[in-house]
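Got the viewer open? Let's take a walk through this one, one selection at a time.

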Amino acid sequence: MNGTWTRMALAAVLVVAFSTLAAVLADDPVDRGVVAGPHEAYQITCETLEDDSWVDDGIMHVRNRKMASVVISDHVAHAGTGTVISSADIDTSNGRLVQSGTFEIRPEAIDGTWTGVFTMLIDDDGPQGRAMAHGNGPDLEGMYVVSELTPLSPAELEGFADACGGSPPIGGKHAVGTYYRLRP
């Protein structure tokens, strides 16, 4: 009888242990977010605030370029102003660009900010960019957004002439992605 209780207790412990392990292994990080909706915005660069750049052996090096921007979006969680700090290497012979940086977006209609990182590559395969930002502050805490980025052409930028208070934009990106809300 004592051996039966021991085997039953051991079986119960194993069931609990395997159930716990299965729950932990099933907790896929991608599955932790609940889709909160689609994201589309334009980040229009209006002004260079700080710049450290030079050309060496046909490569233009840009480090810690700080730029002021305007974010245009139909979603109140994103429309506002922003700051971008980026570094890039651009091959002046073929236009190949490798760029990365950080950004902050300050929405006008809600209390909070977005802080994030981005990368951009332009080569023979075309532009490839990605950004990820997380929300801070009372209205955005627990939110994050993941976006694919496409740089705007000079012709597309002409359509945003009013965004920079009458000055022509110096650059811009179109962001398309998804908002997520982390589960509590």
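**Starting at a cysteine**

Select Cys46 first: its relative accessibility is 19%, so it counts as buried, the cut-off being under 20%. Before going further, keep in mind that this is a predicted model.

Now add Cys164 to the selection. A disulfide joins Cys46 to Cys164, with the sulfurs 2.1 Å apart. Cys164 has a relative accessible area of 13%, so this end of the link is buried. Look along the S-S bond and you get -75°, a left-handed link between Cys46 and Cys164. What does this pair tie together? Cys46 sits in strand 1 (residues 33-56) and Cys164 in the loop between helix 2 (154-158) and strand 8 (171-182), so the link ties parts that are 118 residues apart in sequence. If you go hunting for others, the count comes to one disulfide.

**Next door in sequence**

Step back to Thr45, which is also found in strand 1. Thr45 is at 12% relative accessibility, so it counts as buried. Show its C-alpha together with that of Ala163: the two are separated by 9.1 Å, though their positions lie 118 residues apart along the chain. Leave Thr45 highlighted, as it comes back at the pocket stop.

Now pick Glu158, in helix 2. Is Glu158 buried or exposed? Glu158 has 63% relative accessibility, so it counts as exposed. Draw a distance from its C-alpha to the C-alpha of Pro168, ten residues apart along the chain, and you should read 7.4 Å.

**The aromatic rings**

Time to show the side chains of the aromatics. How many aromatic pairs does the structure hold? There are four. Take Phe103 and Phe118: their ring centres are 6.5 Å apart and their planes meet at 45°, so this pair is tilted. Phe103 belongs to strand 4 (residues 97-107) and Phe118 to strand 5 (residues 113-123), and the pair links parts of the chain 15 residues apart. With a relative accessible area of 10%, Phe103 is buried, and Phe118 is buried at 7%.

Then swing over to Trp114 and Tyr179. Here the centres are 5.9 Å apart with the planes at 40°, so this pair is tilted as well. Trp114 is in strand 5 and Tyr179 in strand 8, so the rings tie together parts that are 65 residues apart in sequence. Both Trp114 and Tyr179 are buried.

**Into the cores**

Keep those four aromatics selected and add Leu149. Among the 21 residues of the largest nonpolar core, Phe103, Trp114, Phe118, Leu149 and Tyr179 touch the most other members. Which strands supply at least two residues each to this core? Color strand 2 (59-72), strand 3 (80-91), strand 4, strand 5, strand 6 (126-136), strand 7 (143-151) and strand 8, and you have them. In soluble globular proteins, nonpolar side chains tend to be buried together.

There is also a second, separate core of six residues; select Leu152, Leu157, Phe160 and Cys164 to see some of its members. You met Cys164 at the start, as one end of the disulfide.

**The largest pocket**

Switch on a surface and look for the largest pocket, which holds about 710 Å³ of space. To find its middle, select Thr45, Gln99, Gly171, Gly172 and Lys173: of the 36 lining residues, these lie nearest the centre. Strand 1, strand 2, strand 3, strand 4, strand 5, strand 6, strand 7 and strand 8 each give two or more residues to the lining. Which element has the largest share of this lining? Strand 1 does, with six residues. Color the lining by class and you get 24 nonpolar, ten polar and two charged residues.

**Two backbone oddities**

Finish with a look at phi angles. Asp57 is not a glycine, yet its phi is positive, about 55°. You will find Asp57 in the loop between strand 1 and strand 2, and at 75% relative accessibility it counts as exposed.

Last selection: Asn64, another non-glycine with a positive phi, this time about 50°. Asn64 lies within strand 2. With a relative accessible area of 52%, Asn64 is exposed, the cut-off being over 50%.

Technical notes: Residues numbered from 1 in each chain as written. Predicted model: local features only at pLDDT ≥ 70, side-chain atom pairs only at ≥ 80, totals over all residues. Heavy atoms only, no water. Disulfide = S-S within 2.5 Å. Helix = DSSP H or I, 4+ residues; strand = E, 2+ residues; numbered from the N terminus. Buried < 20%, exposed > 50% of the residue type's maximum accessible area, 1.4 Å probe, protein only. Phe/Tyr/Trp six-rings, centres within 6.5 Å; stacked < 30°, edge-to-face > 60°. Core = buried A, V, L, I, M, F, W, Y, C linked by side-chain atoms within 4.5 Å. 1 Å grid on protein atoms, 1.4 Å probe; cavity = no way out; pocket = protein on both sides within 12 Å on 5 of 7 lines; lining within 4 Å. Points joined across faces, edges and corners; volume = space filled by probe spheres on them. Nonpolar A, V, L, I, M, F, W, Y, C, P; charged D, E, K, R; others polar.
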